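I am opening this notebook to record, entry by entry, what I look up in the structure shown below.

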Amino acid sequence: MRKHHLFQFGHAGTAVGAAFELALQASQRRACSIGHRCCVQRIPDFRFRDIETVANDTPACLEALRHLGRGHQQHAPERRHRQFAFQIFLQPMFGRGIAGHRHRCQLATGGLSIPKIGATDFAYRIARQFGIRLVEPRPGLVPLTFDMSEWQPFVALAGIALPVEISAGEKKNRGSFREDLLFTHRGLSGPAVLQISSYWQSGAQLTIDLLPDMDVAQTLIDGKSTLKKNLGNTLSQWLPARLVEEWLRIKGFQADARIADMTDKQLRALGTSLNAWVITPDGSEGYRKAEVTLGGIDTRELSQQTMMSTKVPGLYFIGESVDVTGWLGGYNFQWAWASGVAAGKSV
Ligand SMILES: Cc1cc2nc3c(=O)[nH]c(=O)nc-3n(C[C@H](O)[C@H](O)[C@H](O)COP(=O)(O)OP(=O)(O)OC[C@H]3O[C@@H](n4cnc5c(N)ncnc54)[C@H](O)[C@@H]3O)c2cc1C
């Protein structure tokens with residue numbers, strides 16, 4: 001039986017490791033994880049000439065592979081060489097159709113999040129090149145920002161964290177989470193906001209309940225005769241004192257007002273501001289801070305069993321390059337590993 005060859009892209013990534021191990025265990029086929037130095041070292045009989053045999057029909061491919069080999073020894077120029085190798089080596093290979101399905105290529109280069117640590121749009125470009133549909137990528141699990149003139153009153157709250165209930169979106173696309181919220185100088189962050197950012201669409205509102213276990217207005221109205229402390233001290237039993245002080249100032253209430261002297265209408269307005277704070281972000285911190293990328297390779301373009309493209313046999317997409325995004329809590333790692341396993345088993 002002729003050996004087939006596996007090429008993986010996704011330097012030191014999450015998904016690629018799982019896929020690679022399984023591909024090796026499942027078969028004794030030659031495999032090369034491009035840019036994944038430790039994997040290459042783990043193949044006992046790996047020789048660059050093994051992949052040269054695949055590519056030796058064009059001198060240009062050989063040249064690319066020599067560069068690739070050097071890239072593994074010299075870390076710095078590795079990225080340039082990998083991309084060069086793809087352009088002149090894999091592209092013609094797929095262009096011809098993958099002869100007799102002999103070769104497999106797994107794209108595990110992730111999404112666009114955190115370019116500083118090596119994220120690129122490589123998988124998306126390859127998908128476009130082969131006419132594979134993408135769901136428009138955008139930052140997810142990301143802090144949200146506000147127009148600075150609107151946010152100015154809240155800047156003094158930077159550093160305050162508290163548990164809240166946050167919601168956004170509508171109908172099927174509605175998300176709601178009980179998590180911690182963090183005020184920052186530019187906007188809102190913390191797990192609550194990272195989670196909801198995946199449901200938030202540009203221009204849409206967020207609703208935040210700063211005291212989710214209490215109907216604030218009703219509690220204050222019912223307590224008019226029994227709540228002996230002033231407004232500021234009463235609220236400070238339930239919320240951080242600095243938040244109360246600034247919140248009352250922003251909303252135009254006196255912290256030293258006696259609750260008994262306030263009208264029900266005033267207490268309802270205050271209660272609504274705390275139980276249903278409605279605010280409209282003007283954007284996010286972007287890929288610079290996003291933990292994941294929403295969107296990516298359309299799942300309808302891939303086999304659910306193997307992650308192989310239905311249009312281009314032999315071409316696989318795994319991990320975050322695919323339009324699958326989880327909540328905080330390990331779901332994204334889980335997807336990267338699980339899709340890597342599916343692809344790794346099938347090569
Ligand atoms: C700060 C942060 C915190 C996170 N926390 C969590 C968490 O707690 N739980 C969770 O489930 N998920 C978390 N994630 C998301 C999770 O890390 C990713 O979903 C997962 O690692 C995706 O795996 P992957 O293999 O698809 O991509 P990656 O692990 O991103 O690997 C892709 C690799 O491809 C390389 N690459 C890119 N372009 C090229 C190219 N042209 N050629 C060759 N190689 C290339 C990149 O350098 C990278 O090493 C976090 C992400 C970030 C950024």
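Before listing any neighbours I fix the term: I call two residues in contact if their C-beta atoms, placed from the backbone, lie within 7 Å.

**Entry 1: L134.** I note at the outset that I am reading a predicted model. I looked up L134, which sits in strand β4, and asked which residues it contacts once its neighbours within four places in sequence are left aside. I found Y124, A127, R128, G295, G296, I297 and D298. I then checked the backbone and found that the C-alpha atoms of L134 and I297 are separated by 4.5 Å, although the two residues are 163 apart along the chain. Is L134 buried, partly exposed or exposed? A buried residue needs 20 or more other C-beta atoms within 10 Å, and because L134 has 17 C-beta neighbours inside that distance, I entered it as partly exposed.

**Entry 2: the partner strand.** I followed β4 (residues 134-140) to β12, and I recorded that five bridges join these strands, which run antiparallel. One pair I wrote down is V135, whose bridge partner in β12 is G296. For β12 (residues 292-297) I found five of the six residues buried, so this strand is largely enclosed by the rest of the structure.

**Entry 3: the open sheet.** I traced an open sheet of seven strands in the order β10-β9-β6-β7-β8-β5-β11, with antiparallel pairing. Its edge strands are β10 (277-279) and β11 (283-284), each of which pairs on one side only. I looked at how β11 is held and found two bridges to β5 (residues 144-145), again in the antiparallel sense, with G283 of β11 as the bridge partner of T145. Helix α8 lies across β5, β6, β7, β8, β9 and β11, and I noted that it runs at about 135° to β7.

**Entry 4: the cores.** I looked up the largest nonpolar core, which has 37 residues, and those with the most contacts inside it are I166, L181, A192, V193 and I196. Helix α8 (residues 190-197) gives the largest share of this core, four residues. Where does this core lie with respect to domain 1 and domain 2? Domain 1 (5-139 + 292-346) and domain 2 (144-284) both give residues to the core, so it lies between them. Within it I followed I196, which touches I166, A168, G175, F177 and L206 when residues up to four places away in sequence are not counted. I also recorded a second, separate core of 22 residues, which includes I126, L315, F317 and W335.

**Entry 5: two positive phi values.** I found that I114, a residue other than glycine, has a phi near 55°, and I placed I114 in the loop between β3 (103-107) and α6 (122-129). M307, also not a glycine, has a positive phi of about 70° and belongs to the loop between β12 and β13 (315-317). I114 is partly exposed, with 16 other C-beta atoms within 10 Å, whereas M307 is buried, with 28.

**Entry 6: the chain and its confidence.** I counted 13 helices and 13 strands, and buried residues make up 39% of the 347 residues. The chain averages a pLDDT of 79, and 70% of the residues score at least 70. I marked residues 27-101 with caution, since pLDDT stays under 50 over that stretch.

Terms used. Residues numbered from 1 in each chain as written. Predicted model: local features only at pLDDT ≥ 70, side-chain atom pairs only at ≥ 80, totals over all residues. Core = buried A, V, L, I, M, F, W, Y, C linked by C-beta atoms within 7 Å. Buried ≥ 20, exposed ≤ 12 C-beta atoms within 10 Å, placed from the backbone. Domains from an automatic or database assignment. Pairing = 2+ DSSP bridges. pLDDT = per-residue confidence, 0-100. Axes fitted to C-alpha atoms, helices over the stretch in contact; angles between N-to-C directions.
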